[in-house]
Amino acid sequence: MGPDFSPKTAVKSLTSQQIVRIHQLFRQAKFDDPSGNCLSPAGEYNLRLGIIKELHPDLVATYSGSPQVFEGHPFIVEAGVSLGGKDVKQGLNIFRFANRIPLLFEQGADVVTRTAQKRINWNNYKINQTQDKIGVFVSIVSTKIPFKGTGKEYIGDDISEIASAVKAAIQQCCIQLKSKILKKISSSRATREKAELNKVSTYPMFDHGDEDGIKIQSQTYTMYIPDVTGAIYDVLRQTAQANSSKKKRYDEEDAEILKQVSARLITKQTLHDKLAKHVEQVDYEMAMDYATQSGVSEEPREAIYIQSVDNTHNFIDLCSPVCVFRLFHMAQRPQIAVLGAGIFVRTQYLPRLYEISDIMILKTIWSRTEESAKAAVDLARQNFPEIECKWGDAGLEDIIKDTSISGVAVVLTGQIQVDMSLRMLKAGKHVFQAVSEAETAISHYKSLGANSLSHRPIWAVGENYRFEPAFVECKNLLKEIGDMMSVQIMVEGSMTSSNPYFSSSWRRNFTGGFILDMGVHYIAGLRMVVGCEVTSVSAITSHVDTTLPPPDNISSIFELENGCAGVFVMVVSSRSPKIFWKVVGTKGSLQVERGNKDGRHGYTVLHYTVDGQCKSSFHPFSGVNEELKALVYDISQSTLKDVGDHEAEPRSSFVEGARDIAVLEAMLESGMKKGAKVNVRKF
């Protein structure tokens with residue numbers, strides 16, 4: 001730049017050579033790529049939900065790419081590919097979005113269209129480009145969308161960065177679909193084989209999974225008999241030829257076999273017949289074993305008589321000359337209604353309820369609006385074809401009057417959960433709801449049953465960590481670390497704009513905001529692990545991220561009733577999410593850490609022993625499943641009880657949920673009082 005140049009040099013005094021040099025230096029400088037934090041992609045969840053709602057496809061896959069850069073501007077490509085569906089034409093059906101706005105015109109010149117038509121080999125993914133009904137959805141979000149033309153209706157195909165990202169996103173969706181298609185093909189092939197085998201089976205009455213395995217296994221063995229026979233015979237023939245020119249190396253039985261092979265008394269056909277007979281015998285023995293286990297026998301059957309029993313008993317006796325079978329009464333599967341049709345219902349409750357559909361029936365979904373109720377029911381109908389759709393006051397009244405509905409899951413906004421739950425409880429319905437405000441509600445609940453109801457319905461708290469296997473294991477290991485000395489809970493949340501709950505209006509208008517809505521689960525985990533109550537707290541709160549409701553940060557010390565002190569730190573939105581619970585004792589320590597392993601999300605339990613060893617175990621998320629199973633069991637048992645109330649699972653107790661909330665409310669109160677000590681309310 002020359003000796004007379006300095007940062008204080010006036011711009012007008014720069015020479016042309018200095019200006020050129022500055023320009024060159026700017027071009028050579030390396031700047032960090034901008035992150036995608038400023039972008040607002042639709043998200044895989046919303047993309048998948050939209051595809052399912054509009055097309056009703058048979059298969060769907062979605063993918064959201066990582067932020068990339070074009071001319072200094074970050075961009076994200078999201079894609080979805082669907083197969084089949086209602087009112088979908090054959091071939092490629094392309095849907096394009098730029099900054100979440102649909103592009104309707106000039107489709108032929110767009111980068112998405114050209115990539116889908118020319119750069120994707122659909123046959124590699126078991127998809128027929130001309131005959132299958134293919135839906136291709138691509139959404140591009142960026143601070144600068146490189147539109148072509150004045151109409152801004154398409155994105156050019158000449159930008160390699162965007163074209164590569166679009167191709168990669170579509171390919172990722174196709175890879176997911178290929179896996180699903182191969183599974184369907186395999187399942188269809190197995191079904192056809194089963195049908196063919198049933199036509200020739202000696203035991204056509206068998207229709208269970210074990211029998212299917214026996215038939216397919218037998219067919220597989222038979223298919224390989226010629227190859228196995230040829231291989232064995234070639235080995236025997238070569239061994240016999242080698243044996244004839246050398247000294248005896250085999251025992252008498254083996255030598256006799258080799259002699260017969262040389263004399264052609266044992267041929268390839270002999271081995272084939274023997275092996276086929278052996279496979280048939282094995283098949284017969286396995287079938288007979290299965291028949292014996294299933295109660296099917298070739299022997300004459302003895303008559304079994306049903307003995308008349310008193311109606312007060314919950315069992316009947318099946319008597320034969322040699323034994324008595326006592327058949328206990330099994331209650332009908334309880335029928336459940338879900339009140340709410342939001343994100344958590346669609347992404348968590350419906351899949352979890354389907355997994356336990358062998359012990360319960362999802363009869364109804366209700367929402368305040370017809371649109372949201374129908375959207376949730378459309379998703380649920382794939383697994384619950386007879387499900388009913390209800391909405392508004394009239395639909396709610398129908399659920400209250402429906403005596404076949406014994407349990408209700410209340411998954412509504414925090415402000416109305418308790419009122420809705422109490423209304424259902426007064427109608428005699430068992431209730432399962434998320435944690436919410438509870439102080440005045442408990443007294444109302446205790447009064448139930450003393451009035452018009454013959455017994456008090458079950459009021460269970462859902463979505464709490466007391467059912468997660470990791471916390472159950474940690475509680476069982478607590479005695480092995482000696483006397484408790486310190487407890488730590490560190491929560492660095494990920495409540496960013498990409499989180500589907502970020503824009504939830506009721507959480508923003510909820511007293512305590514995300515601290516209370518999210519933190520109550522972490523407090524449940526704390527109380528489960530330490531096995532005692534929090535007596536007092538002192539906390540400091542702050543509001544840093546203005547896109548979140550206050551407060552969004554809390555740091556608290558607390559005291560347990562056993563005298564041990566602990567620390568609870570929670571950040572609602574962090575760029576490096578991490579969550580763990582740690583208990584330090586005189587003989588070691590325990591830690592529960594949230595994460596994933598082999599693609600499965602869950603918790604890792606780390607047990608550090610006094611000799612410095614670390615024992616580790618991983619537990620996938622399954623708490624919602626377990627608590628729903630417990631609720632269904634409690635409802636069934638409550639129905640069977642003739643006298644008195646059934647003692648429900650204590651971990652689901654609404655009182656437990658109230659105690660979780662009381663700890664956080666004390667922390668928030670202390671924060672408002674600049675760290676003053678606050679005693680936790682007792683229930």
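In this predicted model, strand β22, spanning residues 573-585, and strand β23, spanning residues 588-597, pair in the antiparallel sense over six bridges. Within this pairing, V584 stands opposite S589 in β23. Both strands belong to an open sheet of nine strands with mixed pairing, and a patch of negative charge on the surface is described after it.

**The open sheet**

- The nine strands follow one another in the order β25-β24-β23-β22-β18-β21-β20-β19-β26, and the sheet that they form is open, with mixed pairing.
- The edges are held by β25 and by β26 (678-679), and because each of these has a single partner strand, one side of each is left without a neighbour in the sheet.

**The β24-β25 hairpin**

- Strand β24, covering residues 600-609, and strand β25, covering residues 614-620, run antiparallel and are joined by seven bridges.
- Among the paired residues, Y603 has H619 in β25 as its bridge partner.
- The two strands β24 and β25 form a hairpin in which four residues lie between them, and in the turn G612 has a positive phi of about 90 degrees.

**The negative surface patch**

- On the surface, the residues D251, E252, E253 and D254 gather in a patch of negative charge.
- Of these residues, E252 is found in helix α6, which comprises residues 252-262.
- The relative accessibility of E252 is 66%, and because residues count as exposed when over 50% of their relative area is accessible, E252 is classed as exposed.

Methods. Residues are numbered from 1 along each chain as its sequence is written. This is a predicted model: local features need pLDDT of at least 70, side-chain atom pairs count only at pLDDT 80 or more; totals for chains, interfaces and linings use all residues. Side-chain values use heavy atoms; hydrogens and water are left out. Patches are made of residues with over 30% relative accessible area and no salt bridge: like charges are joined within 9 Å, nonpolar side chains (Val, Leu, Ile, Met, Phe, Trp, Tyr) within 5 Å. Accessible areas come from the Shrake-Rupley method with a 1.4 Å probe; for residues, only the protein chains shown count as cover. A salt bridge is a side-chain nitrogen of Lys or Arg within 4 Å of a carboxyl oxygen of Asp or Glu. Lys and Arg count as positive and Asp and Glu as negative; His and the chain ends are not counted. The place of a charge is taken as NZ of Lys, CZ of Arg, CG of Asp or CD of Glu. Buried means under 20% relative accessible area, exposed over 50%, partly exposed in between (1.4 Å probe, protein chains only). Two strands pair if DSSP finds at least two bridges between them.
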